[in-house]
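Please examine the sequence and the three-dimensional structure shown below. The report that follows is intended to be read beside them.

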Amino acid sequence: MTSFRAFLAVTAPLPFLSTASFPTRPNSLPQNGLCKFGVRCSYAEARINDDSRSATIDVVADVKSERVVVLGGNGFVGSAICKAAVSKGIEVISLSRSGRPTYPGSWVDQVNWVSGDVFYANWDEVLVGATAVVSTLGGFGSEEQMKRINGEANVVAVNAAKDFGIPKFILISVHDYNLPSFLLSSGYFTGKRKAESEVLSKYPNSGVVLRPGFIYGKRRVDGFEIPLDLVGEPLEKILNATENFTKPLSSLPASDLLLAPPVSVDDVAYAVISAVKDDDFFGIFTIEQIREAAAKVKV
């Protein structure tokens, strides 16, 4: 009798491999996201009479099932991540204060929408069985508000994920603009960098920090759709086409406010998917690296 472990299930005695999907129960997933199942199969070698004894083998397979928690999943970036994850067969849980979005969509029905505040969240409800946490938390406001939502909220989330043994944490941060120091000392940037530091210290070999600049796409605000892509997409193409000419200007203070290429919300979302699926994907990723990561998983 022979036992072996495989990432995909295979059936004998076919001479080729076939991929099979297996239903899982979300509430019964182990924390490491691995499902085990056993298969017993028999085969008879060619040219052996029917009454011959056939050998029996046991097949034990470990199937990795991704289960992602998206913090702020009904926001502009968060909803794009949820949609992309669903399209790739990843189980998704969203935690946000407003819960389920009001607009329809087939992918919306496939997300588990949980209402809650990260500071008072019932983490048992959302983190058990997760293989990755993605934070899109951030925003503008007063100095204290920006420090709290960009920094402290993410620190709380990182530590909760670590306590629950979640193997990967992905943070949507912000481009490293060459702004004057008095602007970089604002609550928005200091909060983001504090969150980055927490991710990279708690997850040195699996933490991911994405640093996009201006993110464009169709953004929903109070029931209305704002087509940011009408500005962002052509600007991205222009800046990419003129990169060789504008690169010498990048050393000028605050120049990348104008010269840092915008990135589509779909590219950010698919870069997250790449990070979820690739165990070797960790560290800080720039705008260009975000686009490269997205290209690997986009269809």
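The following paragraphs treat a helix, the nonpolar cores, a set of paired strands and a loop residue in turn.

**Helix α9**

The model described here is predicted. Helix α9 covers residues 265-277, which makes 13 residues. From its first C-alpha to its last, α9 reaches 19 Å, close to the 18 Å expected at 1.5 Å a residue. The helix is mostly covered, for 11 of its 13 residues are buried. Among these buried residues are V265, D267, Y270, V272 and S274.

**The nonpolar cores**

Which residues have the most contacts inside the largest nonpolar core? They are V77, I81, W107, L210 and V272, in a core of 48 residues. Helix α9 supplies the largest share of this core, with 9 residues. A second, separate core contains 26 residues, including L71, I93, L95 and V133.

V272 thus links the account of the helix with that of the core: V272 is buried in α9, and V272 also belongs to the residues with the most contacts inside the largest core. When its neighbours within four places in sequence are left aside, V272 is in contact with I81, V134, I170, I172 and L210.

**Strands β4, β7 and β8**

Strand β7 comprises residues 132-135. A132 and V134 point one way from this strand, whereas V133 and S135 point the other way. This arrangement has a general background: in a regular strand the side chains alternate between the two faces of the sheet. In β7, all four of these named residues are buried.

Strand β7 pairs with β4 and with β8, as the table sets out.

| Strand paired with β7 | Residues of that strand | Sense | Bridges | One pair of opposite residues |
|---|---|---|---|---|
| β4 | 67-71 | parallel | 4 bridges | V68 and A132 |
| β8 | 169-172 | parallel | 3 bridges | L171 and S135 |

Between β7 and β8, the chain passes through helix α3, residues 143-163. This β-α-β crossover is right-handed.

**Residue N74**

Where is N74 placed? N74 lies in the loop between β4 and α1, the latter being residues 76-87. The side chain of N74 makes a polar contact with the side chain of S96, at 3.3 Å. Not counting residues up to four places away in sequence, N74 touches S79, S94, S96, S98, G99, P101 and W113. S96 therefore appears twice in the description of N74, within the definition of contact as heavy atoms within 4.5 Å and as the partner in the polar contact.

Terms used:
Residues numbered from 1 in each chain as written. Predicted model: local features only at pLDDT ≥ 70, side-chain atom pairs only at ≥ 80, totals over all residues. Heavy atoms only, no water. Helix = DSSP H or I, 4+ residues; strand = E, 2+ residues; numbered from the N terminus. Expected span 1.5 Å × (residues − 1). Buried < 20%, exposed > 50% of the residue type's maximum accessible area, 1.4 Å probe, protein only. Core = buried A, V, L, I, M, F, W, Y, C linked by side-chain atoms within 4.5 Å. Pairing = 2+ DSSP bridges. Right-handed = clockwise from strand over helix to strand, strands pointing away. Polar contact = N/O pair within 3.5 Å; in protein donor to acceptor, adjacent residues only side chain to side chain.
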